[in-house]
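This note is addressed to a colleague who is meeting the structure for the first time. It proceeds by numbered points, and each may be read with the display at hand.

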Amino acid sequence: MTGRLQDRIALVTGASRGIGAAVALRFAAEGAHVVLVARTRGGLEDIDDRIRSVHGDDRAATLLELDLRDLDQVDMIGPTIAERFGRLDILVGNAALLGEMAPINHIDAAVWSDVVDVNLNANWRLIRTTDPLLRQSDAGRAIFVTSGAARGKRPYWGAYAVTKAALEMMVNCWAAETEETRLKINLLDPGATRTSMRAEAFPGEDPDTLKTPDDITGFFVDLAAPDCEPHGAVIPAY
């Protein structure tokens, strides 16, 4: 049976665990070749092994062990994919850091810089380095993971809320600039989902009351598929 993403090339950041891992596995099940980006080699190899165990070696992923805080290395993602595949069909900007849950004037400067680099600057670099490749696709798709923290008053959410708000504006700018192309660029808000970041932000919450990352992968497939229609939207996965 042919999947909805058959033979598509998909790049997923933060792919070694949580939402990123679930999306990578679902994309592979839908027929995509997945380029996995994460900091931990072991986590990447685990997802690769899980893909191989289900789909065989012909569906093996491409592994990019990369710390997104190394912005110059993020710039090399585009040339690396261009040399290997000549195009990119799907970009999923999922990786993010929570930082410190603290008054904004108490946040450590190094923590602030790390959160801004991973949540915002790395995604800007990804846009710059992958835009030409996505335009080579017959149906280029980009999905960035946002949060309700981007909107409204968010005391103690500090750098995370600031960077998610900035991410939404940046992605919306890119979407507005590409309205006359084949690209479809959107943001996806997972809502309350059972991830390690959620547990860090809400330590007293019962995780069994939350949906799992697997529960929301269908939203990613819809936005990654060639027949996707939304563009410049924030899609709630709840």
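**Notes on side-chain contacts, the pocket and the backbone**

1. Glu168 and Arg151 form a salt bridge, with their closest N and O atoms 2.8 Å apart. Distant parts of the chain are linked by this pair: Glu168 belongs to helix 6 (residues 158-177), while Arg151 sits in the loop between strand 5 (141-145) and helix 6, 17 residues apart. Glu168 is buried, because its relative accessible area of 10% falls under the 20% limit. Arg151, by contrast, is partly exposed, with a relative accessible area of 34%. The model is a predicted one, and the values in this note should be read accordingly.

2. How many salt bridges does a search of the whole structure find? The search finds 17. One of them joins the side chains of Arg4 and Asp222, at 2.6 Å from N to O. Arg4 lies in the segment before strand 1 (9-13) and Asp222 in helix 8 (residues 217-224), so this salt bridge ties together parts that are 218 residues apart in sequence. Arg4 counts as partly exposed at 37% relative accessibility, and Asp222 is also partly exposed, at 38%.

3. A further salt bridge brings together the side chains of Asp89 and Arg87, at 2.9 Å from N to O. Is Asp89 buried or exposed? Asp89 is buried, with a relative accessible area of 0%, whereas Arg87 counts as partly exposed at 26% relative accessibility. To return to the pair of the opening point, Glu168 is buried and Arg151 is partly exposed. Beyond single pairs, Arg8, Arg87, Asp89 and Asp138 are joined into one network by salt bridges that share partners.

4. The aromatic side chains deserve a separate point. Three aromatic pairs are found in a search of the whole structure. In one of them, the ring centres of Trp157 and Tyr160 are 5.9 Å apart and the planes stand at 45 degrees, so the pair is tilted. Trp157 counts as buried at 14% relative accessibility, and Tyr160 is buried with a relative accessible area of 7%.

5. Trp157 also pairs with Phe202: the ring centres are 5.8 Å apart with the planes at 50 degrees, so this pair is tilted. Trp157 lies in the loop between strand 5 and helix 6, and Phe202 in the loop between helix 7 (196-201) and helix 8, so the pair ties together parts that are 45 residues apart in sequence. Phe202 counts as partly exposed, at 32% relative accessibility. Through these ring pairs, Trp157, Tyr160 and Phe202 are linked into a cluster.

6. A contact between a charge and a ring may be added. Arg128 lies over the face of Trp124, at 4.5 Å from the ring centre.

7. The largest pocket holds about 980 Å³ of space. Its lining comprises 43 residues, and those nearest the pocket centre are Asn94, Ala96, Leu97, Thr195 and Met197. Helix 1 (18-29), strand 2 (33-38), helix 6 and helix 7 each supply at least two residues of this lining. Which element gives the most to the lining? Helix 7 does, with five residues. By character, the lining residues divide into 19 nonpolar, 15 polar and nine charged.

8. Asp72 offers a point of reference for distances within the model. Asp72 is placed in helix 3 (residues 71-75) and counts as exposed at 53% relative accessibility. Between Asp72 and Ala201 there are 30 Å in space, C-alpha to C-alpha, and the two are 129 residues apart in sequence.

9. Two backbone angles merit inspection. Most residues other than glycine have a negative phi. Asp7, however, has a positive phi of about 65 degrees although it is not a glycine. Asp7 is found in the segment before strand 1 and is exposed, with a relative accessible area of 56%. Tyr156, likewise not a glycine, has a positive phi of about 75 degrees. Tyr156 is found in the loop between strand 5 and helix 6, and Trp157 of the aromatic cluster lies in that loop.

Conventions: Residues are numbered from 1 along each chain as its sequence is written. This is a predicted model: local features need pLDDT of at least 70, side-chain atom pairs count only at pLDDT 80 or more; totals for chains, interfaces and linings use all residues. Side-chain values use heavy atoms; hydrogens and water are left out. A salt bridge is a side-chain nitrogen of Lys or Arg within 4 Å of a carboxyl oxygen of Asp or Glu. Helices (H or I, at least four residues) and strands (E, at least two) are DSSP runs, numbered from the N terminus. Buried means under 20% relative accessible area, exposed over 50%, partly exposed in between (1.4 Å probe, protein chains only). Rings of Phe, Tyr and Trp (its six-membered ring) pair if their centres lie within 6.5 Å; planes under 30 degrees apart count as stacked, over 60 as edge-to-face and the rest as tilted. A charge sits over a ring if NZ of Lys or CZ of Arg is within 6 Å of the ring centre and within 35 degrees of the ring normal. On a 1 Å grid over the protein atoms alone, a cavity is a set of points where a 1.4 Å probe fits but cannot get out, and a pocket is an open set with protein on both sides within 12 Å along at least five of seven lines; lining residues have an atom within 4 Å of a point. Grid points are joined across faces, edges and corners, and a volume is the space filled by probe spheres set on the points. Ala, Val, Leu, Ile, Met, Phe, Trp, Tyr, Cys and Pro count as nonpolar, Asp, Glu, Lys and Arg as charged, and the others, Gly among them, as polar.
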